[in-house]
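Here are a few notes to help you find your way around this entry. Please keep the sequence and the 3D view open as you read.

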Amino acid sequence: MPKSIRFGLIALITIGLLASTFHAGAEERKAVYVGAEICQGCHDAQYDSFMTNSKKSKSFGSIQKMQKKLTPAEFKDCFKCHTTGYGEPGGFTSAEETPGLKNPGCEVCHGPGSLHAESRDPADLGVKVSLQVCGKCHRSDRVAAFGFKPILYAGAH
């Protein structure tokens, strides 16, 4: 086989491998949590409304006040509803390591926002806000225990 044909075949195979790797990488892109401050860049009015009107925007402080009365496991169990993305890849781990996720923010309702922040395409949010989304934290047992109820779009929109 002539050298030029062999080089051409190697080049085509290399380009094909690179293209398939790039395509597979695009399919595997996963959204990660970025924190409400990133959302503020484009959604300033919603961010201000949420921070001003929604009690949950500051609810990590509520569990910190209760921390002395709780076991470490009970305290960490509170993170599911009083932080953003706890227990999920890229979500809250601790107030020191992930301070931007220490309160429930936009991504609790809308899902991890990295892809949306990059593309600005609403389809990249991946979570449609619904009462089912609210129900992850606002369950009947929690409503009875803490005296709150889900209000769709509470304080944010």
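1. A good place to begin is Asn103, in a model that is predicted. Leaving aside residues up to four places away in sequence, Asn103 touches Lys56, Ser57, Lys58, Ser59, Phe60, Gly61, His82, Thr83 and Thr84. Asn103 itself sits in the loop that runs between α5 (72-82) and α6 (106-110).

2. Among those neighbours, please look at Phe60. A polar atom of the Asn103 side chain is 2.8 Å from the backbone nitrogen of Phe60.

3. Next, the cysteines. How many disulfides does a search of the whole structure find? There is one, formed by Cys81 and Cys137, with 2.4 Å between their sulfur atoms. This disulfide joins distant parts of the chain, 56 residues apart: Cys81 belongs to helix α5, while Cys137 lies in the loop between α8 (131-134) and α9 (140-146).

4. If you turn the view to the Cys81 and Cys137 link, you can check its handedness: the link is left-handed, with -100 degrees about the S-S bond. Both partners are buried, Cys81 with a relative accessible area of 17% and Cys137 with 15%.

5. You may wonder why Cys39 is not bonded to Cys106. The closest cysteine sulfur to that of Cys39 is in Cys106, but at 3.9 Å it is too far for a bond, because a disulfide needs sulfur atoms within 2.5 Å. Cys39 is buried too, with a relative accessible area of 18%.

6. Finally, Cys109 takes part in no disulfide, and the nearest cysteine sulfur, in Cys134, is 5.8 Å away.

Notes
Residues numbered from 1 in each chain as written. Predicted model: local features only at pLDDT ≥ 70, side-chain atom pairs only at ≥ 80, totals over all residues. Heavy atoms only, no water. Helix = DSSP H or I, 4+ residues; strand = E, 2+ residues; numbered from the N terminus. Polar contact = N/O pair within 3.5 Å; in protein donor to acceptor, adjacent residues only side chain to side chain. Contact = heavy atoms within 4.5 Å. Buried < 20%, exposed > 50% of the residue type's maximum accessible area, 1.4 Å probe, protein only.
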